[in-house]
Amino acid sequence: MTTMPLIILPDPLLRTVSKPVERIDDDLKKFADDMLETMYEAPGIGLAAIQVGVPRRMLVLDVANRDEGEKQPMVVINPTVLHTSDERSVYEEGCLSIPEFYAEVERPANVRVRYTDLAGKEQEIEADGLLATCLQHEIDHLDGALFIDYLSRLKRDRVIKKFTKAAKHKL
Ligand code: K1U
Ligand code: ZN
């Protein structure tokens, strides 16, 4: 397995609307393994393909308690949100593409998502808690949306400015 470099704000790739995965083959399975490895190494609880520069509708996540040595990796291909609850919940979110910045975001507390798994089988998942938040965060990535889009314009612009400045210093 290989880890891949992460795309960091303000890279315009992060605003790409990703295209559906058309074929599940050995190359895609290897890519899914590499995405999981990249997520675990970061460390993170989710990763969308676009965060490693691949504009395909695919994400990985694992919200199991790592301190207890648990692992529950999920590979989600071509997800569709079927239902979101009216009930909302607030979580402090982070993003591997916006390192060391965290902010509270309010989202639907429960979601139902249909997706294809790595075996090519259609699945449906009813999620709540951190899994619901993480799924929505990752599906946003597939549509070019970032969690900072839910903040006030002032806060969002401040973050973008900080990361733009940092990127210029790295040139
Ligand atoms: O998509 C990403 O950038 C990954 C992101 C996912 C996420 C975090 C929090 C709420 C919603 C979605 C991260 O994984 S940031 C890192 C993080 O939260 C974390 C890392 C290690 C252990 C526990 C949490
Ligand atoms: Zn993210």
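Let me start at the metal. The zinc ion (ligand 2) is coordinated by three side chains: Cys95 through SG, His137 through NE2 and His141 through NE2. The distances run from 2.1 to 2.3 Å. Keep in mind that this is a predicted model. Along the chain, the donors are spaced as C-x41-H-x3-H. Cys95 sits in the loop between strand E4 (88-93) and strand E5 (103-108), while His137 belongs to helix H2 (residues 129-142), so this pair ties together parts that are 42 residues apart in sequence.

Are these two donors buried or exposed? Cys95 has 7% relative accessibility, so Cys95 counts as buried. His137 comes out at 8%, and counts as buried too.

Staying with cysteines for a moment. How many disulfides does a search of the whole structure find? Zero. Take Cys134. The closest cysteine sulfur to its own is in Cys95, 10 Å away, and that is too far for a bond. Cys134 is buried, with a relative accessible area of 5%.

Now the overall fold. The protein has three helices and seven strands. Reading along the sequence, you get α-β-β-β-β-β-β-β-α-α. There are 171 residues, and for that length a compact globule would have a radius of gyration near 16 Å; the protein has 16 Å, so the two agree. Along the principal axes, the C-alpha atoms fill a box of roughly 45 × 40 × 35 Å. Buried residues make up 44% of the chain. Next, contacts with a separation of 6 or more. Of these, 63% are between residues 24 or more positions apart. The exposed surface is about 9,700 Å², and carbon and sulfur atoms supply 49% of that.

On to the strands. Start with E2 (residues 58-61) and E3 (residues 74-84). They run antiparallel, joined by four bridges. Val60 stands opposite Val75 in E3. E3 also pairs with E6, again in the antiparallel sense, over five bridges. In that pairing, Thr80 has Arg114 of E6 as its bridge partner.

E6 then carries us to E7. Strand E6 covers residues 111-116 and strand E7 covers residues 122-127. The two are antiparallel, with six bridges. Tyr115 faces Gln123 in E7. Together E6 and E7 make a hairpin, with five residues between them. Which residue in the turn has a positive phi? Gly120, at about 85°.

Glycine is one case. Let me show you two residues that are not glycines. Asn78 has a positive phi, near 45°. Asn78 lies in strand E3. At 23% relative accessibility, Asn78 counts as partly exposed. The other is Glu100, with a positive phi of about 65°. Where is Glu100 found? In the loop between E4 and E5. That is the loop in which Cys95 lies. Glu100 is exposed, with a relative accessible area of 73%, whereas Cys95 counts as buried.

Next, the cis peptide bonds. Leu9 and Pro10 are joined by one, with omega at about 10°. Pro10 is placed in the segment before H1. Ala42 and Pro43 are joined by another, and here omega is about -5°. Pro43 is in the loop between H1 and strand E1 (46-48).

Last stop, the N-terminal end. Thr3 lies in the segment before helix H1 (26-41). How far is Thr3 from Asp34, C-alpha to C-alpha — what are the numbers in sequence and in space? In sequence, 31 residues; in space, 5.7 Å. Set aside the neighbours within four places in sequence, and Thr3 is in contact with Glu37, Thr38 and Glu41. Thr3 itself is partly exposed, with a relative accessible area of 33%.

To wrap up, back to the site. Cys95, His137 and His141 coordinate the zinc ion. Cys95 comes from the loop between E4 and E5, and His137 from H2. The strands to look at are E2 with E3, E3 with E6, and E6 with E7. Thanks, I will stop there.

Note on methods. Residues numbered from 1 in each chain as written. Chains lettered and ligands numbered in written order. Predicted model: local features only at pLDDT ≥ 70, side-chain atom pairs only at ≥ 80, totals over all residues. Heavy atoms only, no water. Pairing = 2+ DSSP bridges. Donors = N, O, S within 2.8 Å, 3.2 Å for Na, K, Ca; no water. Buried < 20%, exposed > 50% of the residue type's maximum accessible area, 1.4 Å probe, protein only. Disulfide = S-S within 2.5 Å. Rg over C-alpha atoms; globule rule 2.2 N^0.38 Å. Contact = heavy atoms within 4.5 Å. Areas by Shrake-Rupley, 256 points an atom, 1.4 Å probe, with all protein chains shown as cover.
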